[in-house]
Amino acid sequence: QKVAVLTVVSRESYSHSGVPEMLGNGIGRGIVKKADALFFTGNPTGGKGIKGLAKQTGLADGGTLSTDLTPIIDAIATVSGNGADPTHIVMNMGAWAHLLKLKATDGRPLINPDVANATQPQLFGLPVKINTQCPANEIYILDRAEILSAVGTVDTDVSRERYFDSD
């Protein structure tokens, strides 16, 4: 499924210094967010297009997080037991915040603050990737070798033609 953005900008606005780069960067970030949303939740209108990860059948369910990290350990074990090689854990910031608040019976955090604040946080040896488009309250244990995708660079183009939007 193609992900694209069409933005109409006046010639006067576009001619200001830095505006083309600013627009290109902003549009690029928007396209990446849309592609991430499609990856996790799929086409919001259903029908043809991408069936997101959250809508796939047959995914291993590690259970519900409550007061400890056992469901994540169980999910890693299940994914491995199913023949995958877990390469990373993906969640949104709300799920990560929930994990960071979990405490042991003596009041210490279950996730060491040094790990939580690292440039690349990890859990059980797997890098944790925070993605704003990951559904709330869901954590994915992924094997990058099992995910098929076709991506390319974000290209921008400018046209003064009226029907440019019919690409």
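Let's start with Val9, which is partly exposed at a relative accessible area of 31%. By that I mean the middle band: buried is under 20% relative accessible area, exposed is over 50%, and partly exposed is in between, with a 1.4 Å probe and protein chains only. Val9 sits in the segment before helix 1 (11–14). Helices here are DSSP runs of H or I with at least four residues, strands are E runs of at least two, and both are numbered from the N terminus.

Before going on, a word on the model: it is predicted, so local features need pLDDT of at least 70 and side-chain atom pairs count only at pLDDT 80 or more, while totals for chains, interfaces and linings use all residues. Residues are numbered from 1 along each chain as its sequence is written, and side-chain values use heavy atoms, leaving out hydrogens and water.

Back to Val9. Together with Tyr14 and Val158 it forms a nonpolar surface patch, with about 220 Å² of accessible area for the three together. The areas come from Shrake-Rupley with a 1.4 Å probe, and for residues only the protein chains shown count as cover. A patch takes residues with over 30% relative accessible area and no salt bridge, joining like charges within 9 Å and nonpolar side chains (Val, Leu, Ile, Met, Phe, Trp, Tyr) within 5 Å.

In that same segment before helix 1 you will also find Val3, which is partly exposed at 23% relative accessibility. Leaving aside residues up to four places away in sequence, Val3 touches Ile31, Lys34, Ala35 and Leu38; contact means heavy atoms within 4.5 Å.

Now, the sheet. What is the strand order? It is an open sheet of 4 strands in the order 2-3-1-4, with mixed pairing. Strands 2 and 4 stand at the edges with a single partner strand each, so one side of each has no neighbour in the sheet. Two strands pair if DSSP finds at least two bridges between them.

Let me walk through the pairs. Strand 1 (residues 88–91) and strand 4 run antiparallel and are joined by 4 bridges. Within that pairing, Ile89 stands opposite Ile141, and Met91 has Ile139 as its bridge partner. On to strand 3, which pairs with strand 1 in the parallel sense over 3 bridges. Here Ile89 faces Val128, while the partner of Met91 is Ile130.

Is strand 1 covered on one face or on both? Both: His88 and Val90 on one side, and Ile89 and Met91 on the other, are all buried. As a reminder, side chains in a regular strand alternate between the two faces of the sheet.

Helix 3 (residues 70–81) lies across strands 1, 2, 3 and 4, and runs at about 30 degrees to strand 4. For that angle, axes are lines fitted to C-alpha atoms, for helices over the stretch in contact, and angles run from 0 to 180 degrees between N-to-C directions.

Leading into that helix is Leu65, in the loop between helix 2 (19–41) and helix 3. Leu65 is partly exposed at 22%, and its contacts, again beyond four places in sequence, are Pro71, Ile72, His98, Leu99 and Ile139. His98 is 33 residues from Leu65 in sequence, with 8.9 Å between their C-alpha atoms.

At the other end of the sheet order, strand 2 joins strand 3 antiparallel through 2 bridges, one example being Gln122 with Pro127. Their hairpin has 2 residues between the strands, and in it Phe124 takes a positive phi near 55 degrees. Phe124 is partly exposed, at 43% relative accessible area.

If you like backbone torsions, look at Asn137 too: its phi is positive, about 65 degrees, although it is not a glycine. Asn137 is in the loop between strand 3 and strand 4 (139–142), and at 73% relative accessibility it counts as exposed.

Last stop, charges. How many salt bridges does the structure hold? Just 1, taking a side-chain nitrogen of Lys or Arg within 4 Å of a carboxyl oxygen of Asp or Glu. The pair is Arg108 and Asp106, with the closest N and O atoms 2.6 Å apart. Arg108 is exposed at 52%, whereas Asp106 is partly exposed at 49%.
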